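Me: I would like to learn how to read a few features of a protein model, one at a time. Could you take me through them slowly, with the general idea ahead of the particular case?

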Amino acid sequence: MRCWVLNESLPATVVLLWLGVNVYLFVDTFRWYEEAESFLYTRIILGSTLAWARASALCLNFNCMLILLPISRNLISFVRGTSTCCRGPWGRQLDKNLKFHKLVAYGIVVSAAIHIVAHLFNLERYHFSQSEEAPGLPAALSKLGNSPNESYLNPIRTSSTNTITELLTTIAGITGLALSLTLILIVTSSTESIRQVSYELFWYTHHIFIIFFISLALHGAGRIVRGQTPESLLLHNVTFCRHHYAKWQTVALCPIPQFSGKEPSAWKWVLGPVVLYSCERIIRFWRFQQEVVITKVISHPSGVLEIHMQKRDFRMAPGQYVLIQCPAISKLEWHPFTLTSAPQEDFFSVHIRAAGDWTRALCEAFGDQGRDLQQPHTLPRLAVDGPFGAALTDVFHYPVSMCVAAGIGVTPFAALLKSIWYKCCAPQCQLKLSKVYFYWICRDSRAFEWFADLLLSLETQMSEHGKIHFLSYHIFLTSWDEDQAIHIALHWDENVDVITGLKQKTFYGRPNWDNEFKQIAYNHPSSSIGVFCCGPSALSKTLQRMCRLYSSADPRGVHFYYNKESF
């Protein structure tokens, strides 16, 4: 199960830098096309829409160069592992790769929209300049190319030419239409509502990006936007000759101007990222061939499938995730799942909830296999790519840490709590962390089962090692029916909780965060407390507000630090 802090935002510096580069490229290109002598005659026909089309095209190329980099996971892992500046809190920024991917996608949409609208105006102005109503100079420029030894400026050669026909019979028109359709499909299928209803639709439509990039590379080959050649500029003084267009060829300073299309440049922008992304897919294919041994499958009644696996040279850290493919279900789809095992264990595990077509098919394929597998070869084959993401090690940097999970957002903390336990038990390990407060908010009591087993194990082992106060956990059930309420009331006085089987009783309703933060601040009056969250945006915003509210103004007092994690 992959969990995201939904309101996780990019650092303002990254957004401003990206926006600044876009604005600079747009303004600089716009001014150049508005002032360049080589495009003066083009501007006479098209006006300022020429500059709008070209400036937006450059921003489009720039963002298309960036769009593949954030989803090159192996590249990000390589940068994180080899660069000192990309470790720790700075490395955590690399885990906002999908946020940056979406931001760049918005830039592509805006640039493409401006580019399309500008060129629609350009087509109409090209067409109008061939009509009888066209004024003198635009009409004269549009007729160039009808005689030998002349090059044309206006790609629409007659007034009877249909602009739609022109659009569908040129390289620029065909590729432009392909770019527009693929972009519309990719963007619309990426909305949150469609991804939740059909992740497969989102996944498949996203892969028509191949058509998008091929069309982008070919789009400029038509060279519809034309300017005066450098050789012609040396012979033909546009400042003087524009006022003497009727005497071209008869005046020595005004030979017939020659024009040529601008050399395509989009492919130069995207070639590097496309090569890097191709390497990414080759690495994924290589990892697909590596053997993954399934050692155990546990089917939980709550609709959660737990799979234990082993793979050669697999190294992980708490908070990381893997991509899993099941060729028996789909030979193309890879789905991300947070690792729930600790690095100290001799296997790695994931917990998968049946929440879509692919996960339901996987649970059906594995769910009836029982608890301990005697014949693993009878199970469908799995391929694993990863692990990816920054390790969730910031928890260990504080003397006190507060971990908050909502629903299935508990999965990253499974690996974390296990890792904390192993570190506590290691005699040679000196931990700065001395106290962990764990909160889990869930609406379905059945979902407690698999994680309650982990908590029960930790509770028992910490009690045996005399560290029962190291972990303080609080479980909140937000939804229950009448039968459950009666059952809970009848067994309230028992030593263990009726739902989880833990010594710590389950709370009913939602946490009162004011009381929780007030109590923790009272217990640790001079501590730095790290707050970590995996859950919906409303919860994350509440915790951020609580951190600001209960942090002391006195530097020697208690301070809550909200860690914007992206799991």
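Me: In which hand does H3 pass H12?
Reply: A crossing is called left-handed if the near helix is turned anticlockwise from the far one by less than a right angle, and right-handed if clockwise; helices (H or I, at least four residues) and strands (E, at least two) are DSSP runs, numbered from the N terminus. Here H3 passes H12 in a left-handed crossing, and the two pack at an angle of about 145 degrees with their axes 12 Å apart, where axes are lines fitted to C-alpha atoms, for helices over the stretch in contact, and angles run from 0 to 180 degrees between N-to-C directions. The contact (heavy atoms within 4.5 Å) is made by Asn61, Cys64 and Ile67 of H3 together with Phe212, Phe213 and Leu216 of H12. This is a predicted model, in which local features need pLDDT of at least 70 and side-chain atom pairs count only at pLDDT 80 or more, while totals for chains, interfaces and linings use all residues. Residues are numbered from 1 along each chain as its sequence is written, and side-chain values use heavy atoms, with hydrogens and water left out.

Me: Which strands stand at the edges of the sheet S3-S4-S7, and what does that leave on one side of each?
Reply: Two strands pair if DSSP finds at least two bridges between them. In this model three strands form an open sheet in the order S3-S4-S7, with antiparallel pairing. Strand S3 (292-300) and strand S7 (348-353) are at the edges with a single partner strand each, so one side of each is left without a neighbour in the sheet. The twist averages 20 degrees from one strand to the next. Eight bridges pair S3 with strand S4 (residues 304-311) in the antiparallel sense, and Ser299 stands opposite Leu305 in S4.

Me: What is the order of the strands in the open sheet that holds S5?
Reply: That open sheet of three strands has the order S6-S5-S8, again with antiparallel pairing, and its edge strands, S6 (335-338) and S8 (383-388), each pair on one side only. Neighbouring strands are turned by 30 degrees against each other on average, direction ignored. Strand S5 (residues 321-325) is joined to S8 by four bridges, and Ile324 stands opposite Val384 in S8.

Me: Which helix gives the largest share of the lining of the second largest pocket?
Reply: Eight residues of that lining come from H6, the largest share.
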